[in-house]
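Work through these exercises with the sequence and the model side by side. Try each task before reading its solution.

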Amino acid sequence: MTVSSRTIRIAAALLIAGDGRTLLVRKRGTEAFMQPGGKIEAHEQPLQALVRELLEELGLIVDPAQASYLGAFAAPAANEPGFTVEAEVFLLPIEQAVSPEAEIEEVLWLDPHQETQVPLAPLTRDLILPFYCNSLQTPA
């Protein structure tokens, strides 16, 4: 992916509970729910950034060895009009409780197979949740 001045590079997690639901977060002062994660600092690799962000935002301590790289996804940024978010996305199973910290206002467990009226970020709505439903789960 090419990076421009209107591109925001992030690392994001597809956190999956044992029952198949995924954890989404909403930042303070915004409406859209999205994957947890955040901006990749200049000195960081994507997985390092994700581990740092999950600790800061959710108090979640993750073992990087448990993360599976899913790929790079790009979509319009939810909270920065005119910008594109380029996300390095990792799959992580989650069993521990989380709590919103730092800039996170709210967390939500979502069943990706059910219709929702919850506002979702374009990256989550258009790419990550469909990818999860179509590629990672087997039909019941």
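**Exercise 1. A strand residue and its surroundings**

Leaving aside neighbours within four places in sequence, which residues is Phe 90 in contact with?

Solution. Keep in mind that this is a predicted model.
- Step 1: Place the residue. Phe 90 sits in strand β5.
- Step 2: List the partners. With neighbours within four places in sequence left aside, Phe 90 is in contact with Ala 12, Ala 13, Leu 14, Pro 46, Leu 47, Leu 50, Ala 67, Ser 68, Tyr 69 and Leu 70.
- Step 3: Check one partner by distance. Ser 68 is 22 residues from Phe 90 in sequence, yet their C-alpha atoms are 5.3 Å apart.
- Step 4: Classify the exposure. Phe 90 has 7% relative accessibility, so it counts as buried.

**Exercise 2. The nonpolar cores**

Find the residues with the most contacts inside the largest nonpolar core, and the element that gives the most to this core.

Solution.
- Step 1: Take the core as a whole. The largest nonpolar core has 21 residues, and those with the most contacts inside it are Leu 15, Leu 50, Leu 54, Leu 58, Leu 60 and Leu 92.
- Step 2: Name the suppliers. At least two residues of this core come from each of β1, β2, α1 (46–58) and β5.
- Step 3: Pick the main one. With four residues, α1 gives the most to this core.
- Step 4: Follow Leu 92 outward. Beyond its neighbours within four places in sequence, its contacts are Ala 13, Leu 14, Leu 15, Ile 16, Leu 50, Leu 54, Val 62, Asp 63, Gln 66 and Ala 67.
- Step 5: Look for a second core. Another core of 14 residues lies apart from the largest one, and its members include Ile 8, Ala 12, Phe 73 and Tyr 132.

**Exercise 3. Three loop residues**

Sort Val 62, Gly 82 and Ala 102 into buried, partly exposed or exposed.

Solution.
- Step 1: Start with Val 62, in the loop between α1 and β4. Its relative accessibility is 16%, so Val 62 counts as buried.
- Step 2: See what surrounds Val 62. Neighbours within four places aside, Val 62 is in contact with Val 51, Leu 54 and Leu 92. The C-alpha atoms of Val 62 and Val 51 are separated by 6.4 Å, with their places eleven residues apart along the chain.
- Step 3: Move to Gly 82, in the loop between β4 and β5. At 57% relative accessibility, Gly 82 counts as exposed. Arg 6 is 76 residues away from Gly 82 in sequence, but 7.2 Å away C-alpha to C-alpha.
- Step 4: Finish with Ala 102, in the loop between β5 and β6. Its 46% relative accessibility makes Ala 102 partly exposed. Note its backbone too: phi of Ala 102 is near 50°, a positive value in a residue other than glycine.

**Exercise 4. Helix α2**

What span should the 15 residues of helix α2 have, and how far apart are its end C-alpha atoms?

Solution.
- Step 1: Apply the rise. At 1.5 Å a residue, α2 (residues 122–136) should span 21 Å.
- Step 2: Compare. The end C-alpha atoms are 20 Å apart, which agrees.
- Step 3: Inspect the axis. At Ile 128, shortly before the proline Pro 130, α2 has a kink of about 30°.
- Step 4: List the buried residues: Pro 122, Leu 123, Thr 124, Ile 128, Leu 129 and Tyr 132.
- Step 5: Find what they pack against. The buried residues of α2 meet β1 (7–16), β2 (22–27), β4 (68–76), β5 (84–93) and β6 (104–110).

**Exercise 5. The largest pocket**

Which residues are closest to the centre of the largest pocket?

Solution.
- Step 1: Take the volume. The largest pocket has about 370 Å³.
- Step 2: Read the lining. Of its 22 lining residues, Ile 10, Lys 27, Met 34, Glu 80 and Val 85 are closest to the centre.
- Step 3: Assign the elements. β1, β3 (37–39) and α2 each supply at least two lining residues. The largest share, four residues, comes from β1.

How values were computed:
Residues are numbered from 1 along each chain as its sequence is written. This is a predicted model: local features need pLDDT of at least 70, side-chain atom pairs count only at pLDDT 80 or more; totals for chains, interfaces and linings use all residues. Side-chain values use heavy atoms; hydrogens and water are left out. The expected span of a helix is 1.5 Å times one less than its number of residues. The bend at a residue is the angle between axes fitted to the seven residues ending there and the seven starting there. Buried means under 20% relative accessible area, exposed over 50%, partly exposed in between (1.4 Å probe, protein chains only). Contact means heavy atoms within 4.5 Å. A nonpolar core is a set of buried Ala, Val, Leu, Ile, Met, Phe, Trp, Tyr and Cys residues joined through side-chain atoms within 4.5 Å. On a 1 Å grid over the protein atoms alone, a cavity is a set of points where a 1.4 Å probe fits but cannot get out, and a pocket is an open set with protein on both sides within 12 Å along at least five of seven lines; lining residues have an atom within 4 Å of a point. Grid points are joined across faces, edges and corners, and a volume is the space filled by probe spheres set on the points.
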